Amino acid sequence: MAMDASIEIDRIQEAAGLIDPVFRDTPQYVCEPLNDRLGVDTVLKVECVNPIRSFKGRGAEYLLHRLGPQPAGLVCASAGNFGQGMAYAARSRGVSLTVFAALTANPLKVDRMRALGAKVILDGPDFDQAKDGAKRHAASTGAFYVEDGLLGPIAEGAGTIALELLRMAEPLDAVFVPLGNGSLINGMGLWLKRASPATRIIAVCPAGGPSMEISWRAGKPISTGPTDTIADGIAVRVPVPEALEIMRTAVDEVMLVTDAEIVEAMRLLHSTTGLAVEPAGGAGIAAIAKRRDEFAGKRVATPLTGGNITDVQMRLWLY
């Protein structure tokens, strides 16, 4: 079926009632020890306590609902979390899935994609090279090519996070959202623009993978050289033009955080909440910490987008 990048508010509302309940109504709360450290009233939206340890199941679930049967199967590229979401949704519907991932992909994420029934092909030195492999596979096999950031239902499923956040009584001054290909920020941003227009929407990119931030400032897609960041889940070298176009109406600001700031945020989260998040999952907290003086005493929120972190990474980054 034909499908584009457009995002509809009504479909975000629909997705909230259709995606698998294991991904919905995730914990959202203010952590007082964290607030004491930051000086900012911070609402955590915990998206790493589900079968795939990330928010990606939301968009994958709604996408496959919208797509319907796919006799030739599906193919996508992923750093690992989106592939897990797709694998979970495809398995429950009896649809075959092939995931292309970089040769450097997190082995924990690769193993979990395979455990969920996906065929995983490691191809190329980074995510964008793996994406090229996925496109070639689709052309040769007839499988439906799924690109995160390009298809509206993925963003609409992710947008349900904002819908849930706004069920809390107190208004939000800002929401800090990790930015990869754009599905999460666009889904959340468009819902917030409609339902809470006073809330500032701030996207967060890694300094070692700044193509989306550079492109945002330039007003056009600009590809960069190889990424150099521990935040593999939001390390983008080649922006999706359609996602950038939607960001013009969904996002107020894009900012960068360094790997050192991300690690500090991961450690802060672990010590104050007991949660072990992956680098992309801690990017929002890194940004809040960086802007703590500006947002002191205000109420902000961030989704902890993923917790797929290996034992080696935990020892390296959390202790």
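## What sits over helix 1

Let's start inside the protein. The buried residues of helix 1 are covered by several parts of the chain, including helix 3 (56-67), helix 7 (152-158), helix 8 (160-165) and helix 9 (183-195). Keep in mind that this is a predicted model.

## The two sides of helix 1

Which residues of helix 1 are buried? Helix 1 covers residues 9-18, and its buried residues are Ile9, Ile12, Ala15 and Ala16. Looking down the axis of helix 1, you'd find these buried residues within an arc of 110°, so they line one face of the helix. Here's a handy bit of background: an α-helix has 3.6 residues a turn, so residues three or four places apart point the same way.

Now flip to the other side of helix 1: there, Asp10 and Gly17 are exposed.

## The whole protein

Zooming out, the protein has 14 helices and 10 strands. Its C-alpha atoms fill a box of roughly 55 × 40 × 40 Å along the principal axes. Is the protein compact or spread out? For 319 residues, a compact globule would have a radius of gyration near 20 Å, and the 18 Å of the protein agrees with that.

As for contacts, take those between residues at least 6 apart in sequence: 74% of them join residues at least 24 apart.

## Inside, outside and charge

Of the 319 residues, 61% count as buried. The protein still exposes about 12,100 Å², with carbon and sulfur atoms supplying 52% of that area.

What about charge? The protein has 32 positive and 36 negative charges, and the mean positions of the two sets are 2 Å apart.

Terms used
Residues numbered from 1 in each chain as written. Predicted model: local features only at pLDDT ≥ 70, side-chain atom pairs only at ≥ 80, totals over all residues. Heavy atoms only, no water. Helix = DSSP H or I, 4+ residues; strand = E, 2+ residues; numbered from the N terminus. Rg over C-alpha atoms; globule rule 2.2 N^0.38 Å. Buried < 20%, exposed > 50% of the residue type's maximum accessible area, 1.4 Å probe, protein only. Contact = heavy atoms within 4.5 Å. Areas by Shrake-Rupley, 256 points an atom, 1.4 Å probe, with all protein chains shown as cover. Lys, Arg positive; Asp, Glu negative; His and termini not counted. Charge placed at Lys NZ, Arg CZ, Asp CG, Glu CD. Arc of directions from axis to C-beta.
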